[in-house]
Amino acid sequence: MSPTQTRSAPTEAGPISQFFDDLTQPGHLATLESERATLRFDVRDGSSVQRWHVTVQDGDVAVTHQNAPADAVVTIDRPHFEAIVGGRLNATAALLRGLLTCDGSVAAVMMFQRCLPGPPGSTGRVAPITSQTVMAKHDPSQRRPA
Amino acid sequence: MSDQLVQILEGNTFVVSDNRGDIEASETDPTGLFSFDTRFLSRWVLTINGQRLTALSTDDLQYFQARFFLVPGSGTVYVDATLSVKRERDVAHDGFHEDLRVLNHENQPVDLDIRIEAASDFADLFEVKDALKKKGSYQARIVGNSLVLGYRRDTYERETWISAAAPAAVDETGLSFRVTVPPHGEWSTGLDIVAAANAADEHADEPVSIRGRGRREVHRDMARGLAKWLERAPTVECDWKAVERVYRRCMTDLAALRFSTLTMPGRALPAAGLPWFMTIFGRDSIFTSLQALPFTSELASTTLLALAERQGTTIDDFRDEDPGRILHEMRYGELTAFEERPHSPYYGNADATALFVVLLDEYERWTGDTKLVHDLQHAARAALAWINEYADLQGNGYVSYQTRNAESGLENQCWKDSWDSISYRNGDLPGFPRATCELQGYAYDAKIRGARLARQVWKDPGYADHLEKEAADLKRRFNRDFWVADGEYFAVALDSDGRQVDSLTSNIGHLLWSGIVEKSKARAIARHLVGPRLFSGWGVRTLAEGEARYNPIGYHVGTVWPFDNSFIAWGLRRYGFKQEAACVVAGIMAAAEVFDGRLPEAFGGYPRSSTGYPVQYPTACSPQAWSTGAPLLLLRAGLGLEPDGDHLIVDPALPLNFGHFEILDVPGRWKKIDVCGRGHIDTDRVTQAR
């Protein structure tokens with residue numbers, strides 16, 4: 001699609017805009033220290049394309065809507081990108097599946113992944129399992145009736 | 001179908017065929033062309049005038065190259081061949097090239113119908129392992145002189161492009177060549193097979209390679225790369241000639257195990273095993289990099305960078321991910337793409353995060369590369385923070401593990417990852433979470449080494465003090481809580497109630513390596529390691545004889561693991577047990593000689609005197625990276641090599657049969673240095689007595 005055919009969708013409140021706003025709020029992300037890269041996200045929504053251009057410099061993050069060159073140009077449909085910034089879709093999986101295409105540096109995309117949230121339901125906690133349960137699962141002799 | 005499989009590879013692209021060069025995979029049969037954890041060819045069968053061929057000889061010339069000499073016929077008793085066929089195959093990063101030559105030995109021309117049948121099931125490696133059914137659909141199309149096999153599931157597309165240099169009649173199941181070969185003449189063609197991902201356009205007349213870059217060029221790189229790798233490696237000279245052979249085998253195998261990620265195409269890290277584990281594994285890549293450090297530091301720096309790049313940042317229960325956690329395994333196949341498996345990457349290990357810091361420090365001690373230590377400061381701090389904030393599942397100050405993904409997560413997140421590896425003396429299995437002992441050792445070592453980096457490189461003495469205080473506290477508690485008083489060793493784990501899992505295991509050797517063992521307890525540990533219950537004469541068993549689950553051919557419950565032993569030898573040296581370390585060096589190097597330089601992942605724990613030779617444990621992967629690295633670390637332990645500032649300390653404790661031994665051009669912050677020693681420790685009393 002040539003630039004003349006695209007029209008920039010007006011910036012609107014939505015999960016993607018919210019995500020990028022949140023990203024630039026702190027201005028500096030420790031997890032991106034000693035990283036330098038630029039990425040452009042071309043998010044397709046029907047016939048329109050909305051762009052976010054991200055510059056990472058030693059942990060400082062700046063986001064614009066510029067249609068400027070970048071180390072990595074990521075193209076993706078809006079619903080899929082909304083799923084990614086909402087933690088419902090893993091970006092690497094999306095790349096392998098062809099939902100997300102990357103023109104340029106895969107390393108930049110990998111770096112950017114550090115800014116993405118985890119799945120909404122994940123708590124980091126799990127109930128302990130007793131020795132008896134483990135034994136019953138693995139040891140055929142434990143399953144035999146007495 | 002022949003039993004003997006031929007495998008060649010480059011990175012995570014590999015071809016496994018029979019000794020004729022043919023591939024006839026079934027759903028569960030692990031042959032084919034694989035790339036990025038996907039099978040791109042499951043059928044590749046050559047016939048001449050409808051006849052299959054018979055192998056006269058097969059050579060794997062290099063790890064990426066094989067040659068098959070064939071004659072027509074099934075060759076049951078006697079082959080009367082007037083034709084011979086040569087197939088020469090080179091694997092590249094995204095497929096393979098095959099040169100096919102047919103030679104007519106008759107004095108008259110011969111008309112031939114040469115055919116290659118091709119098909120692909122596009123199976124994910126996990127599907128091959130678990131015999132799962134595919135969910136997408138298959139297509140085949142013909143583009144000029146090429147056959148394109150395709151698979152599609154929603155937006156996931158993979159294609160195999162098969163092209164011939166010579167004119168071919170192409171149909172959807174293969175390529176045919178109707179040719180006349182002159183008297184004493186030959187016919188030949190090149191065949192190119194390219195693994196392609198997500199072709200942009202179905203009308204495209206060229207494949208979109210899964211990797212990019214011209215293949216021929218890459219191939220020249222490979223041959224040159226291998227020569228350079230071997231040339232750069234230090235030279236080993238030893239009166240016991242087997243040591244030299246073992247060393248050469250190790251360096252060549254290590255070359256084959258080198259793997260480049262998509263994000264760092266020019267750099268190599270050690271993949272875990274060939275061919276099924278040609279991917280990044282946090283634990284395996286770190287251990288192998290540590291073993292290889294006296295010989296090459298390139299693997300370590302790439303491993304550190306690649307692992308930092310994918311370090312956990314968020315809480316993801318499906319992937320067992322936490323902020324700061326170092327990955328366990330990365331995969332690229334269909335099941336990972338559809339999040340039916342958590343390997344994008346999966347984080348379920350409890351050791352690689354601490355080991356990441358250990359490797360970073362050890363790497364700096366050898367190379368003096370403080371730039372990398374600066375660049376990875378955030379990653380190292382995040383790893384150290386993980387130990388306290390996320391790994392202490394029980395709130396008792398110990399690193400524990402329990403998967404949060406009951407369906408496809410790993411139960412045992414330590415190196416002994418099979419279901420029965422951690423047991424009480426009576427054979428009962430503990431519940432979860434489990435805090436295995438070596439994890440505490442690694443955590444201790446990570447804090448001590450992190451403190452050194454903080455003080456010397458990051459210039460943060462406050463943080464260094466804090467880490468050292470934590471380490472001292474951990475050591476004190478550990479020596480109290482894990483010590484099995486009636487056996488004089490450390491329990492393999494604490495269970496979910498904080499009770500000791502009290503069996504005697506090789507894990508205690510890793511504790512010496514980490515330095516967490518109080519001096520007063522070290523002697524008893526060393527005695528156990530070369531004592532009759534753990535030491536087989538070849539090496540230290542994973543589980544001691546006399547424990548309920550002991551089985552000399554049980555995966556982690558009695559076999560001897562060369563990698564395990566190499567770290568045990570290093571640990572024994574750390575505490576000054578030269579005699580004991582030399583016994584481990586002597587035993588494993590003798591086994592390496594029997595295995596022709598290529599140590600298996602594990603071998604039987606039978607007493608040495610009862611079998612006379614080490615009995616190989618059957619595994620699908622060979623060489624395995626950390627078995628390949630084991631002799632390298634054993635040689636280091638034998639010579640007592642320890643970097644100390646800009647110097648390299650040499651303190652040999654070599655078995656008698658080594659005679660004179662030297663390593664020339666050991667690379668490091670001292671540029672290059674020659675080190676040598678003479679075998680003077682009589683180890684026969686221990687190794688031959690078992």
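Visitor: Which residue of β3(A) is the bridge partner of V56(A)?
Guide: In this predicted model, V56(A) is bridged to V61(A).

Visitor: What makes β2(A) and β3(A) a pair of strands?
Guide: Strands count as paired from at least two bridges. Five bridges join β2 (residues 48–57) to β3 (residues 60–64) in chain A, so the criterion is met. The two strands run antiparallel.

Visitor: What lies between β2(A) and β3(A) in the hairpin?
Guide: Two residues separate the strands. D58(A), in the turn, has a positive phi of about 45 degrees.

Visitor: Which strands of the five-stranded open sheet in chain B are edge strands, and what makes them so?
Guide: The order in chain B is β3-β6-β11-β16-β15, with antiparallel pairing. β3 (23–24) and β15 (169–171) of chain B are the edges, as each pairs on one side only.

Visitor: How do you know that β6(B) and β11(B) are paired?
Guide: The threshold is at least two bridges, and six join β6 (residues 43–48) of chain B to β11 (residues 110–119) of chain B, so the two count as paired. They run antiparallel, and T47(B) of the stretch 43–48 stands opposite R115(B) in β11(B).

Visitor: Why are helices α7(B) and α10(B) called oblique to each other?
Guide: The angle between α7 (residues 352–367) and α10 (residues 437–456) of chain B is about 45 degrees, and their axes are 8 Å apart. Roughly parallel requires under 35 degrees, and roughly perpendicular 65 to 115. An angle of about 45 degrees fits neither range, so the pair is oblique.

Visitor: Which residues make that contact, and how do they divide by class?
Guide: Among them are A354(B), L355(B) and D361(B) of α7(B), and Y442(B), R449(B) and L453(B) of α10(B). The contact has nine nonpolar, one polar and five charged residues. The crossing of α7(B) past α10(B) is left-handed.

Visitor: Which parts of chain B touch chain A?
Guide: In total, 36 residues of chain B are in contact with 30 residues of chain A. On the chain B side, β14 (156–164) and α6 (334–337) each supply at least two residues. That side divides into 12 nonpolar, 11 polar and 13 charged residues.

Visitor: What confidence does the predictor give?
Guide: The model scores ipTM 0.90 and pTM 0.93. Chain B averages a pLDDT of 93, with 94% of its residues scoring at least 70. Over residues 212–216 of chain B the pLDDT is below 50, and this stretch has four contacts beyond near neighbours in sequence.

Definitions and conventions. Residues are numbered from 1 along each chain as its sequence is written. Chains are lettered from A and ligands numbered from 1 in the order in which they are written. This is a predicted model: local features need pLDDT of at least 70, side-chain atom pairs count only at pLDDT 80 or more; totals for chains, interfaces and linings use all residues. Helices (H or I, at least four residues) and strands (E, at least two) are DSSP runs, numbered from the N terminus. Axes are lines fitted to C-alpha atoms, for helices over the stretch in contact, and angles run from 0 to 180 degrees between N-to-C directions. Angles under 35 degrees count as roughly parallel, over 145 as roughly antiparallel, 65 to 115 as roughly perpendicular and the rest as oblique. A crossing is left-handed if the near helix is turned anticlockwise from the far one by less than a right angle, and right-handed if clockwise. Two residues are in contact if their C-beta atoms, placed from the backbone, lie within 7 Å. Ala, Val, Leu, Ile, Met, Phe, Trp, Tyr, Cys and Pro count as nonpolar, Asp, Glu, Lys and Arg as charged, and the others, Gly among them, as polar. pLDDT is the predictor's confidence in each residue, from 0 to 100.
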